[in-house]
Structure formats: structure tokens, C-alpha cells
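Me: I am new to this structure and would like a close look at a single part of it. Please take me through that part carefully, and then show me how it sits in the rest of the chain.

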Amino acid sequence: MFGLQMPPITPEFWAILGTLILLEGLLSADNALVLAVMVRHLKGDLQRKALAYGIGGAVVLRILGVLLASYILEYWWLRAFGAAYLAYLAISHFLKHRTTEDEADEKSKGRGFWATVVLLNLTDLAFSVDSILAGVALIPRGMPREQGLTIVVIGGIIGLILMRIAATVFLKLLNKYPAFDHVAYALVGWIAVKLGLETLEAAHEIFPAVPYWHMPTPIFWGVMAAIGIIGSFLATRTPAMSDEAAEAKADAVVHEIDETVADASDGRIDGR
């Protein structure tokens, strides 16, 4: 449908895919946690009904995100907006000094059912754009569009799968070591730098007066590895809770999502 083509299986391909799996896992776990928290204020069956709409929205918006990615890969000036947005995400994350769960709980208080559904889907949109743009930014500039889009599609599919299959693992990780959220957004920030430099390089080819600097691939992946290794070491120094408490909290969120999916599959989306 999108003219997909499998890229060569190289070490860089596996590095890109591994980074996408890590980012998709952490961002999808954040997404699942936020969706569960944002419906807490609703009563009884309305919680599951709103959550079902939120999960459905996540699937639809992820598909639309792939369509967006096809345009971003084709037009260099759209990559500039992508770089700016990823940089904004990273900077705003470190400036807010609040947990995602606290923020979601605060936003949802006092809202009615449909207002909550709208807010859930706006949140889904933000998470979908985050992950899709991160996937686009990791694609080497010289890679053919069809091959780059294939990697983005693979990343999008992984994100949807991780929202359920690996949700417990990543939720437990974030519950026990909340600072891993900082590692994810530090990676996003560095990815934004890469995308920004590539945008300037593309602009220079059209407008020679535009200054640019080509970032060598080893430097990009070297800094990515350093952020991952050093960040993981710092994040795991002070656990926020025990393994048992982190797992119980993660299981509660996943159980809530499972019940919603079961209701939707047998026609009882409203829990009746």
C-alpha cells in the first residue's frame, strides 16, 4: 500500500530496531499507565467503556501516524517540524518535574465521560506522534524512502504489540525505577539533534547559504550507547519500590486493559 521495501539486514538496522523496541516499550508503558489513570474518576462501567475507546483510538492513531511518516520521509521541511517537536518533548519533560501519572490524574479530575474520551484520544495522538517521529528520526538520511518507511511500520507494529504483551515488563520497570523515563526522553532529545542536523544538511543542498554539519554515524550511536548505559546505571541506583509492589501495580493496569479487550471482543464494551 505504501510501497514498502525491506532494508538490508545490517548492524545499523538491528541498532535502529533495538532502539525502537526500547523507546516503544517505555512510551507504550507510559501510554497504558496514563490511559488507566485518566479514567479513575469515572464510576463503574464508564471506566471500562472510556478505556475501550482510548485503546481503539491508540490503534487508529498509530495507523494514521504511519501515513504521516510517509510524508515526513519525503519532504525535508517536514523533518524540521519533527526535529523541533522531539526537542520540545525532551526539554519539556525535564522542565516539568512531575510524574506522568500525577499529571494525568490532575488533568482528568472533574471531567465528564465524553470529555475524558476526548482527552484520552488526544493523549493517544501525542504518544503516537512521539513514537512515529522517533522512528523517522532514526532512519539514515540516505536510505530509500520505501526502506525507511518499512522500519517505521515495524516500529509502529511493535508499539501496538508492546502495549499488551510486554506491558507488564515495562510498567514494572517504570514503577520500580521511574528515572528510566528520563533515559527515554534523553534518547529522544539526542535523536532530535540528529534529525535537526540532517534537516540542515538537506536544506543546504537546496539553499547553499544554509550552514550544516554532517554527524558521522559512529558518533550518533556512540552517544546513544552512552546515554543508555550511563542513564541505566543512574536510574537503577535508587528503586522507588520493591519488585513485588512494582509487579502488583503493573498487573493491576494490565488486568484493567485485559478486561476492556475481553468486553469489546464479546460485545460487552460497556461491561454489562
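Reply: The model shown here is a predicted one, and a good place to begin is Arg141, which sits in the loop between helix H5, residues 113-138, and helix H6, residues 145-162. Arg141 has a relative accessibility of 32%, and because buried means under 20% and exposed means over 50%, Arg141 counts as partly exposed.

From this loop, the contacts of Arg141 lead to another part of the sequence. If its neighbours within four places in sequence are set aside, Arg141 is in contact with Glu198, Glu201, Ala202 and Glu205. For Ala202, the separation can be given in two ways: Arg141 and Ala202 are 61 residues apart in sequence, while their C-alpha atoms are 8.8 Å apart in space.

Two of these partners, Glu201 and Glu198, deserve a closer look. Glu201 belongs to helix H8, which covers residues 180-206. With a relative accessibility of 15%, Glu201 falls under the 20% limit and therefore counts as buried, whereas Arg141, as described above, is partly exposed. Apart from neighbours within four places in sequence, Glu201 is in contact with Arg141, and also with Tyr212 and His214.

Glu198, which Arg141 also contacts, takes part in salt bridges. The side chains of Glu198 and Arg79 meet in one of these, with a distance of 3.0 Å from N to O. Arg79 lies in helix H3, residues 76-96, and Glu198 lies in helix H8, so this pair ties together parts of the chain that are 119 residues apart in sequence. Arg79 and Glu198 are both buried.

Glu198 forms a salt bridge with Lys194 as well, and here the closest N and O atoms are 2.8 Å apart. This second pairing stays inside one element, since Glu198 and Lys194 both lie in helix H8, four residues apart, which is about one turn of the helix. Lys194 is buried, as is Glu198. Taken together, Arg79, Lys194 and Glu198 are linked in a network of salt bridges, and Arg141 reaches this network through its contact with Glu198.

The structure holds three salt bridges, and one of them joins Asp243 to Lys176, with the closest N and O atoms 2.4 Å apart. This pair also links distant parts of the chain, as Asp243 is in helix H10, residues 243-265, and Lys176 is in helix H7, residues 167-176, with their positions 67 residues apart in the numbering. Asp243 counts as partly exposed, at 34% relative accessibility, while Lys176 is buried, with a relative accessible area of 15%.

To place these details in the whole, it helps to step back to the chain. The protein chain has ten helices and zero strands, and read along the sequence its pattern is α-α-α-α-α-α-α-α-α-α. Of its 272 residues, 47% count as buried. Among contacts between residues at least 6 apart in sequence, 86% join residues that are at least 24 apart, and the pair of Arg141 and Ala202, which are in contact, has a separation of 61 residues. As for the surface, the accessible area of the protein chain comes to about 13,200 Å², and 68% of it belongs to carbon and sulfur atoms.

Methods: Residues are numbered from 1 along each chain as its sequence is written. This is a predicted model: local features need pLDDT of at least 70, side-chain atom pairs count only at pLDDT 80 or more; totals for chains, interfaces and linings use all residues. Side-chain values use heavy atoms; hydrogens and water are left out. Helices (H or I, at least four residues) and strands (E, at least two) are DSSP runs, numbered from the N terminus. Buried means under 20% relative accessible area, exposed over 50%, partly exposed in between (1.4 Å probe, protein chains only). Contact means heavy atoms within 4.5 Å. Accessible areas come from the Shrake-Rupley method with a 1.4 Å probe; for residues, only the protein chains shown count as cover. A salt bridge is a side-chain nitrogen of Lys or Arg within 4 Å of a carboxyl oxygen of Asp or Glu.
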